[in-house]
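User: I am beginning to study protein structures and would appreciate some guided questions. Could you please take me through this one?

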Amino acid sequence: MEKEMGLRIIGTGHAAPKKVVTNDDLSKLVDTSDEWIRERTGIERRHFAEEETNLDMAYAASADALLHAGIQKEDISLCIVATFSPDMQVPSQACLLQQRLGLNRDIPCFDINAACSGFLYGLQIAHALLTQSGGQYALVVGSEIISHRLNMEDRGTCILFGDGAGAAVVKLEEGYPFYGMMGADGDDKILICGQEDSENPYVQMDGQAVFKFAVSIIPKCINDVLEHTGLTAEDIDYFVCHQANRRIIEYVAKKMKQPLDKFYMNLQEYGNTSAASIPIVLSEMDDKGMFTPGKKAICVGFGAGFTWGAALLQW
Ligand code: UT7
């Protein structure tokens, strides 16, 4: 019988724009305060792109991930960029990245848009395509410039988001359990029309509805992964959740009866960077040496669509 091939992250990287925007900076633009934002979201600052493009950040994060993976760029046989904020409609960010990194010319490169769940969709697509093609390594990136799509007069949204990119080099490998799940339900409670000439091209969101959705779907996703893998929450070293709101993550920790220190958070530094949020967390944890051999993490994302996705990873 053929052995099941899992997916292992072998290198990570992340990048963020130079410009830091504090809560106090935002309180000069809209009727808000550092105290309100910290208390209601946990966010302290975020990075907004001025000169950087989505591609600049995706490139910096990917180059870092390749370096950490210790493989040659020619070894990559698939490149996926998760984003809802590409620099242009075509070519895709992934093709632009392929060119800038100098990846092989005959490999599939494409973008996916599953909003904040994009990186987790990307991992599962990478697993499926590598399995099908016999390729060994893929580059999966989440990269967003959300600040250009924010209405800086809407205090309900402009305080939440930030820009950044995270990347992972993944390897199809025997002996590393990988289980992923994903879904969507066709809701439009987070909406970004994006067309410059439309009445409202900016992020529109029913914050409370999204909050309620998040606190119900995240535990469901975690429990689904546990059920399918026969593991218990105690077997899991880290729960890597989409970085949207500290209160959402605290609620999930309580619901799962797990200590909060298993839930790494960096939303205080970046805000919500959508598809980039989970790979940025993974890269920071990696830099801190938290992924020693055998460590297990369940990553969970949720976002516009509504979409959701989760994956069990082992190092
Ligand atoms: O990737 C997924 C993306 N989105 C999310 O995950 C968002 C999930 N939702 C949330 O994080 C929270 O719902 C928010 C942070 C967006 C809002 O927090 P909340 O505790 O749900 O606040 P609320 O919407 O219930 O508003 C409470 C009050 C309102 O004032 P009144 O009506 O009670 O007088 C708001 O107008 O807070 C007011 N408010 C603010 N006040 C100061 C809303 N935004 C702000 C603000 N500063 N930035």
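Analyst: The questions that follow concern the ligand, its pocket and the backbone of this predicted model.

User: In what kind of site does the ligand sit, and how much of its accessible area does the protein cover?

Analyst: The ligand sits in the largest pocket. On its own, the ligand has 940 Å² of accessible area. Of this area, the protein covers 72%.

User: Which residue offers a polar backbone atom to a nitrogen atom of the ligand, and at what distance?

Analyst: A polar contact requires N or O atoms within 3.5 Å of each other. A nitrogen atom of the ligand meets this cut-off with a polar backbone atom. The residue is Gly207, and the distance is 2.9 Å.

User: Which residues place a polar side-chain atom 2.8 Å from an oxygen atom of the ligand?

Analyst: The side chain of one such residue, Asn245, has a polar atom 2.8 Å from a ligand oxygen. An N or O atom in a second side chain also lies 2.8 Å from an oxygen atom of the ligand, and it belongs to Asn272. Both names appear among the residues that come nearest to the ligand, a list that also includes Thr32, Arg40 and Gln208. The residues asked for are therefore Asn245 and Asn272, given the 3.5 Å limit for a polar contact.

User: Which element gives the largest share of the shell around the ligand?

Analyst: The shell around the ligand holds 22 residues, divided into ten nonpolar, eight polar and four charged. Two elements, helix H2 (34–41) and helix H6 (207–229), give two or more residues to this shell. The largest share, four residues, comes from H6.

User: How much space lies in the largest pocket, and which class of residue has 25 members in its lining?

Analyst: The largest pocket holds about 1300 Å³ of space. It is lined by 50 residues, with Phe161, Ile190, Ile192, Val203 and Met205 closest to its centre. The lining also has 17 polar and eight charged residues. The class with 25 members is nonpolar.

User: Where is the cis peptide bond that involves Pro91?

Analyst: Most peptide bonds are trans. Pro91 is placed in the loop between strand E4 (76–82) and helix H4 (93–101). With omega near -5°, the cis bond runs from Val90 to Pro91.

User: What is the phi of Lys257, and is it positive or negative?

Analyst: Most residues other than glycine have a negative phi. Lys257 lies in the loop between H7 and helix H8 (267–270). Although Lys257 is not a glycine, its phi is positive, at about 55°.

Key: Residues numbered from 1 in each chain as written. Predicted model: local features only at pLDDT ≥ 70, side-chain atom pairs only at ≥ 80, totals over all residues. Heavy atoms only, no water. Near = heavy atom within 4 Å. Polar contact = N/O pair within 3.5 Å; in protein donor to acceptor, adjacent residues only side chain to side chain. Areas by Shrake-Rupley, 256 points an atom, 1.4 Å probe, with all protein chains shown as cover. 1 Å grid on protein atoms, 1.4 Å probe; cavity = no way out; pocket = protein on both sides within 12 Å on 5 of 7 lines; lining within 4 Å. Sits in = over half its atoms within 2 Å of the grid points. Nonpolar A, V, L, I, M, F, W, Y, C, P; charged D, E, K, R; others polar. Points joined across faces, edges and corners; volume = space filled by probe spheres on them.
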